[in-house]
Amino acid sequence: MNLRLAYATLCGLTLAGLVHVATVLAIPLLSETDALSRARGSESLDHPQPIYTVATTANPAPAEAWLPIPDPAVAVGVCAYDLADGPLRVSARTGPLMLTLAAHGRRGAFYAVTDQAAVRGALDLVILTRAQYDEALASDDESEPSRDVRIVAPDRQGFVVVRAVAGLPSQRAAANAAVQAVACSIDSQSEEPPAR
């Protein structure tokens, strides 16, 4: 009798463990409010949607954050994209504050860069599908190479997280402005990149 009870208990615990593991692994697939879904509200904007603004004396209450609250000296914004509309161009100008850009898809981050990678004070990322990348390579002018950093996205939909770090309290307003100064736009297929 004790052997049957031990066997039944072991089977019950194993089944319960499997159900719990399957539930935890299914949460991201079943969630309607994942980071990508929340970021989709910024698709129509030409600048990042503020997620977390650094508190300043003029604005002591930061915006409600739906990402985990970062370092209190970091301003955060997000640009969502759908590559069915065309490649996403993210343009940033460097300044005195550290600026980072991280591209995310459904399965997490796939590319990150800081302002240290800027060429002549400008950082231009173009996120594309494999087909859009092949088309861009075919249409490149060999005499004038592109200065864009081209990134092939693993998913058609995603978002770019923009972060600016305020090293000093006096730089907090500049960090908020640096995030908002980043441009996020969809390149049309016929549009030529801007000349520099």
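Here's a walk through the cysteines and one pocket of this structure.

Keep in mind that this is a predicted model. Let's start with the sulfurs. Search the whole structure and you find 1 disulfide, the one that joins Cys 79 to Cys 184, with 1.9 Å from S to S. That's comfortably a hit, because a pair counts as a disulfide when the sulfur atoms are within 2.5 Å. Look along the link of Cys 79 and Cys 184 and you'll see that it is right-handed, with 60° about the S-S bond.

What does the pair tie together? Cys 79 sits in strand S2 (residues 74-82) and Cys 184 in strand S9 (residues 183-186), so the link connects parts that are 105 residues apart in sequence. Both ends are tucked away: Cys 79 is buried at 1% relative accessibility, and Cys 184 is buried too, at 5%. Buried here means under 20% relative accessible area. Cys 11, on the other hand, comes out as partly exposed, at 37%.

Now over to the second largest pocket, which holds about 160 Å³ of space. Its lining includes the run Ala 92, Arg 93, Thr 94, Gly 95, Pro 96 and Leu 97, along with Leu 99, Asp 115 and Val 182. Ala 174, Ala 178 and Ala 181 are also part of that lining. In terms of elements, strand S3 (88-93) and helix H4 (172-181) each supply at least two of the lining residues, and H4 gives the largest share, with 3. As for chemistry, the lining of this pocket has 8 nonpolar residues, plus 2 polar and 2 charged ones.

Conventions: Residues are numbered from 1 along each chain as its sequence is written. This is a predicted model: local features need pLDDT of at least 70, side-chain atom pairs count only at pLDDT 80 or more; totals for chains, interfaces and linings use all residues. Side-chain values use heavy atoms; hydrogens and water are left out. Helices (H or I, at least four residues) and strands (E, at least two) are DSSP runs, numbered from the N terminus. Buried means under 20% relative accessible area, exposed over 50%, partly exposed in between (1.4 Å probe, protein chains only). On a 1 Å grid over the protein atoms alone, a cavity is a set of points where a 1.4 Å probe fits but cannot get out, and a pocket is an open set with protein on both sides within 12 Å along at least five of seven lines; lining residues have an atom within 4 Å of a point. Grid points are joined across faces, edges and corners, and a volume is the space filled by probe spheres set on the points. Ala, Val, Leu, Ile, Met, Phe, Trp, Tyr, Cys and Pro count as nonpolar, Asp, Glu, Lys and Arg as charged, and the others, Gly among them, as polar.
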